[in-house]
Structure formats: C-alpha cells, structure tokens
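Work through the exercises below with the sequence and the structure at hand. Each task is followed by a solution in steps.

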Amino acid sequence: MKIVAVAACTTGIAHTYIAKEKLIKSAELRGHTISCETQGSIGIEDELDPKDIQDADVVILAIDVAIDKMDRFTGKKVIKVDTSTVVKNPIGLIQKVEKVIQK
Amino acid sequence: MNDIINIKELKQHILTGISYFIPLVVGAGLTMAIGRAMAGSSVANLGDSGIGYWLYQTGSLGMQLMVPMLCAYIAFSMGSKPALAPGFIIGWVAQNINTGFIGGMVGGILVGIVVNLCKKYIHLPKVIESLKGMLVIPFLATAISGLLMYAVIQGPIIWLMAQLTSFLQSLSSGSKFIYGGVLGAMATFDFGGPVNKTATAFVNALYAEGIRDAKTVQIIASMIQPFGIAIACLLARNKFTRAEKETLKAAVPMGCFMISEGVIPIAARDLARVVFACVCGSFVAGGLSMVWGNSSELLNGGFIAFPFFTSPMQGLICLAVGSAVTGIVLAVIKKKVTEEDEKQEVELGKELSDEDLDNIEIEIM
C-alpha cells in the first residue's frame, strides 16, 4: 500500500513528531511505503509531494487540530485518528487501515 | 446537522484555537515580562518611553489579542477562511465585554455555526456567487454573532464567572489545598494533552477575571515532571535506560521554560508509574501554592515567571517540594532496567485480533 500521512497535535512540539516516527516505522514494518508530513509549532515540515498524494492508496491524518492544506486530499480515501491512537498502537492502526482499505 | 456543528469535533476546534493561541501567549507574555523586569518594583518606573516601556507595552498590547486569537481560530477551524475575520471581531467583542476566555470560546463556536449556516442555506445567483465569501458571510456572521454576544451570551457568562469567583474565594484552606492539588494534578496528568489543556482553559479563564493564584499552580506543576523525573534518575540511576538519560538532558532545560512534553518518551515506557509519581508531586505542590495564595502576573514562561509571583520564594519552595515528592515516589516505585528494556526501541504496539481492531477508533472522511 502507498500511504501518505499528516501528523499534527495541539502544541506541535512532541506528539506530532512521535506520531510521525511511529507511523513510518510501523508502516514500513508491515511492508508499506509511507511519507509523512508534520504540522507542528514550526509550521509544515517534510511537506508531502503532490505526486505521492496522487499515487497514494490512503491518506492517514493523525491530527488533534485542524490542519492546513486539507484541499490536497479531495477525492482521496482519508482516515482520521487522534495522535494518541498512533502513539498507543501504531501497528494496530496500520492493520486496521489495511482492513478498511481492502473492503 | 453535522455540517453545521459536529459535537464530536468540537474538541478539535477548541484545541485548534488553543494551538494558535499558545505562541501568542508565550511571545507577548515573555516580552511583557522582560519589560516588567526592567521596571523594578513598580511598572510606573518605566515612564513613557525607553526600551523597558516599549517592551512592556508591546507585550501587554499583545496579551489583549489573546481572546480574539482564540476565538478567531476556533471559528476558523469550524468554518475555514470566511470565519476567520468575524472570529477576530467577535473575539475582540468578548474581550471588551469582559467575558474573557470563556466568552472567546463560546464566541468562536457561535461564529463557526453562523458561517456554516450561511454556507449551507444562502444561495446566490451564479453571477454574484463570489460575493458570498467576500461580503455576505463576513457581514452576516459578524453582525449576527455580535448581536447574540451582547444580547444573549454576555449575561450568563458574566454571572457564571461571578459565581465561580465568589465560590473560589469562599473556600477554606483545607478545600483550597484540594482545589490547588487537583488543578496541579490535572496540569501534569497527560503531559500537555487534553486534560492539561482543559486545566489551562479553566486557569486562563480565572486569570482573565483577575484570579491569578491558579496560574501559579499551573506554572509550577508543569515544571515538576521534568525536574521530578530528573531527581528520580539521580536517586536511582539503574532504573532509567541510557536513552532516557539522554532524553532528560533535553527535557530539563525545556522544563525550565514550562515545556513538559520533553519527558513524554520516558513516560511512554512506563506510563502508569511515571504519571502516578508526577500527579503525587504536583498535587502536593499545587495544594501548597494555592493555600499560600501565591499569584502570578504572567501566563507562561517557567522560571521567567517566578520573579513575578507574589512570592518567588514560595514558588521555589513549592517547586522543590513537588519535584522532590515526584522524584522520591518514582525512584521507589520504578522497576530496574533490564537488558531487554535497553534494547527495546520505539514501542510500536502489537498486532491485534479482529475484535481488538474494532476498538481502534478511526474516522473515514
């Protein structure tokens, strides 16, 4: 599966980056390709490549707040969760995403 | 209904407001603090020009934007771009009719609702469709929300705040200890998460009313986690992994400025024990600070705020006592590090069975 993701938490200092790291690690562990953008206190970092978004099978938003540039994902399959869900059990989340996408 | 206001997402809207508002409070608060520090015993010493005065003015004008900013970005989160400008205006109204933080929150939600209603029900002929976002929505949202703020919302909020204020002032010192303790515990409970932000919202609302002892509790409590855990690490070095000791080197300086997120990786490995220890420490410190009635002039800043407490000394004592409690409790209850712990990298959770998968909440948009 090709995944693109955005992580953003309230303060944008910690959970955002923890979520990013865990998403990438667990997605790769399960054999997917993923690129993840963060929208922390510093603004957008590692901005998603429009081509990656176009090619992606699913968009995972691990966000607690409203994010910038949502319009990029119009027409894509978008799955939204809290950052805490990612921090707690990223593997489980990826599993669930697999299941939902296969349907 | 859900495209007007989605109750489930309300939390997200408020958090969005708060996430935009934090840098404002920090920026304006610190600027003001430095100006205030240059004034010595009284602000009047600054006169009406000079670096100290300019810094103080810049900061205090900035602080007046606190409620408008919060209101605007709650509205923005709900109704996107057309809601932002009315949000700022209504936030400024909330500020000026003394409904403070709560007024800003309610106002932001109100603007969001009005904007979403306009988007849904107002249809213009194709030729002048573009006027909708430019003219119709900003005007209607501002006018309608403004009228409602004055006519409906102002009264109850002011009444509510007055009730709360007099209730808090009537507390005996025993109940004060518990009240301060609970506030402190909430501030540390989830390391900058939703419970912490709820406490922040409550404390900021009080601050806007001129009740500033709760703020001190929050400032001190937010610093206890990194310091307390560092003390525990000094007391029981074999109970922390190498990676955790590295983490602490960054977390303690961050803690000096009241950023407690630095210790999350340490808490994540051993959540229950770390949270328990932090809650113990911040409960004691919060209770103590509240009983002493130590007030803070600043909203933020960690150690920078200490000189602006009614009593900086009491502040330091509370911080020391709280950190010591957390440190000792944690040093006692934490388990020794094993080889496995050292090897373990980022905890990724485990594969789940199908039933457990259903428990993971996701939203498909």
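Helices here are DSSP runs of type H or I with at least four residues, and strands are DSSP runs of type E with at least two. The model is predicted.

**Exercise 1.** Describe residues 1-99 of chain A by record and by secondary structure.

Solution. Start with the record: UniProt, in an unreviewed entry, places the feature "domain: PTS EIIB type-2" at residues 1-99 of chain A. Next, take the secondary structure: this stretch is 37% helix and 28% strand. Last, look at its ends, where the C-alpha atoms are 12 Å apart.

**Exercise 2.** Trace the open sheet of six strands and find its edges.

Solution. Step one is the order, which reads S3(A)-S2(A)-S1(A)-S4(A)-S5(A)-S1(B), with mixed pairing. Step two is the edges: strand S3 (43-45) of chain A and strand S1 (363-364) of chain B each pair on one side only. Step three is one pair inside the sheet: S1 (residues 2-8) and S4 (residues 58-63) of chain A run parallel and are joined by six bridges. In S4(A), A:Val58 is the bridge partner of A:Ile3. Step four adds a helix: H4 (residues 90-102) of chain A lies across S1, S4 and S5 of chain A together with S1 of chain B, at about 140° to S4(A).

**Exercise 3.** Which element gives the most to the lining of the second largest pocket?

Solution. First, the pocket has a volume of about 830 Å³. Of its 40 lining residues, those closest to the centre include A:Thr10 and B:Ser19. Then compare the elements: H1(B) gives the most, with eight residues. Finally, sort the lining by class: 19 residues are nonpolar, 17 polar and four charged.

Note on methods. Residues numbered from 1 in each chain as written. Chains lettered and ligands numbered in written order. Predicted model: local features only at pLDDT ≥ 70, side-chain atom pairs only at ≥ 80, totals over all residues. Heavy atoms only, no water. Pairing = 2+ DSSP bridges. Contact = heavy atoms within 4.5 Å. Axes fitted to C-alpha atoms, helices over the stretch in contact; angles between N-to-C directions. 1 Å grid on protein atoms, 1.4 Å probe; cavity = no way out; pocket = protein on both sides within 12 Å on 5 of 7 lines; lining within 4 Å. Points joined across faces, edges and corners; volume = space filled by probe spheres on them. Nonpolar A, V, L, I, M, F, W, Y, C, P; charged D, E, K, R; others polar. UniProt positions renumbered as here; feature names shortened; annotations may be inferred.
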